[in-house]
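User: Please take a close look at the salt bridges in this model and the residues that form them. Then set them in the context of the rest of the chain.

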Amino acid sequence: RIHLCEAGDHHSLVLCDEGLFTFGWGNNGQLGHGTRENARTTPKLVEALRGKDVRLVAAGTLHSLAYCGSDGRLYGFGDNSQLQLGLSERNTHSHFNPEPVPFFDDKKVRSLACGAQHSVVCCEDGGVYVFGSGK
């Protein structure tokens, strides 16, 4: 059963009972499969998030976010050139596997959204966090 679908410019995320599936263009790692993928036409399970109870997902132009209930962590993957994954300023390269975003480790995420080169995370404590390009 499908629970949630998100579409970026050239990639899609589908959250099902079985886990998170992604497909489309993945040259910057936004599919989360650990490799550059030029054009995946069939959905593939994001193995790195298998069994993590993915609850929320969002897709930007070249990046993706996923919030997992089993460990309460937010994960980012894909392009981080504008720090849109929420990772350290030392990590401005693309991430081909989902990486935990430490800033949110002690926060309960309520909703996610991704724009072209920025992301928004709303938390249960009322906090709204925006990161990435402000241009």
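Analyst: This is a predicted model, and six salt bridges are found in it. Three of them are described here, beginning with the pair that leads into the packing of the chain.

Asp 53 and Arg 55 are joined through their side chains, with an N to O distance of 2.8 Å. Asp 53 sits in the loop between β4 (37-45) and β5. Its relative accessibility is 39%, so Asp 53 counts as partly exposed. Arg 55 is likewise classed as partly exposed, at 48% relative accessibility. The backbone at Asp 53 also deserves a remark: its phi is near 55 degrees, a positive value in a residue other than glycine. Most residues other than glycine have a negative phi. Leu 83 is another non-glycine residue with a positive phi, of about 65 degrees. Leu 83 is placed in the loop between β7 (73-78) and β8 and is partly exposed, with a relative accessible area of 24%.

A second bridge links Lys 107 to Asp 106, with 3.4 Å from N to O. What is the burial class of each partner, Lys 107 and Asp 106? Lys 107 has a relative accessibility of 16% and is therefore buried, the cut-off being under 20%. Asp 106 has 65% and is therefore exposed, the cut-off there being over 50%.

The third bridge pairs Glu 47 with Arg 50, whose closest N and O atoms lie 2.8 Å apart. Glu 47 is partly exposed, at 46% relative accessible area.

Tyr 67 connects two of these bridges to the interior. With neighbours within four places in sequence left aside, the contacts of Tyr 67 include Asp 53 and Arg 55, as well as Lys 107. The list for Tyr 67 also includes Val 54, Leu 56, Gly 72, Arg 73 and Lys 108, together with Leu 74, Val 109 and Leu 112. Tyr 67, Leu 74, Val 109 and Leu 112 are among the residues with the most contacts inside the largest nonpolar core, which has 15 residues; Phe 104 and Val 121 are also in that group. The elements that give two or more residues to this core are β5 (54-59), β6 (63-68), β9 (109-114) and β10 (118-123). Strand β9 supplies the largest share, three residues. There is also a second, separate core of 12 residues, which includes Val 46, Val 57, Tyr 75 and Phe 77.

Phe 77 leads on to another buried site. His 95, in strand β8 (residues 95-100), is in contact with Phe 77, and also with Asn 28, Gly 29, Gly 78, Asn 80, Leu 85 and Leu 87, again leaving aside neighbours within four places in sequence. The relative accessible area of His 95 is 8%, so this histidine is buried.

The cysteines add no covalent cross-link of the disulfide kind, since two sulfur atoms would have to lie within 2.5 Å and the count comes to zero. For Cys 114, the nearest cysteine sulfur is that of Cys 122, 12 Å away. For Cys 123, the nearest cysteine sulfur also belongs to Cys 122, at 7.5 Å. Cys 123 is buried, at 4% relative accessibility.

As for the chain around these sites, it has 11 strands and zero helices. The radius of gyration is 13 Å, close to the 14 Å that the globule rule gives for 135 residues, so the chain is as compact as a globular protein of that length. The C-alpha trace spans about 35 × 30 × 20 Å along its principal axes. Of the 135 residues in the chain, 47% are buried. Among contacts between residues at least 6 apart in sequence, 41% join residues at least 24 apart. The accessible surface comes to about 6,800 Å², and carbon and sulfur atoms account for 47% of that area.

To return to the request: Asp 53 is bridged to Arg 55 and Lys 107 to Asp 106, while Tyr 67 has Asp 53, Arg 55 and Lys 107 among its contacts. Tyr 67 is itself one of the residues with the most contacts inside the largest nonpolar core.

How values were computed: Residues numbered from 1 in each chain as written. Predicted model: local features only at pLDDT ≥ 70, side-chain atom pairs only at ≥ 80, totals over all residues. Heavy atoms only, no water. Core = buried A, V, L, I, M, F, W, Y, C linked by side-chain atoms within 4.5 Å. Buried < 20%, exposed > 50% of the residue type's maximum accessible area, 1.4 Å probe, protein only. Helix = DSSP H or I, 4+ residues; strand = E, 2+ residues; numbered from the N terminus. Contact = heavy atoms within 4.5 Å. Salt bridge = Lys/Arg side-chain N within 4 Å of Asp/Glu carboxyl O. Rg over C-alpha atoms; globule rule 2.2 N^0.38 Å. Areas by Shrake-Rupley, 256 points an atom, 1.4 Å probe, with all protein chains shown as cover.
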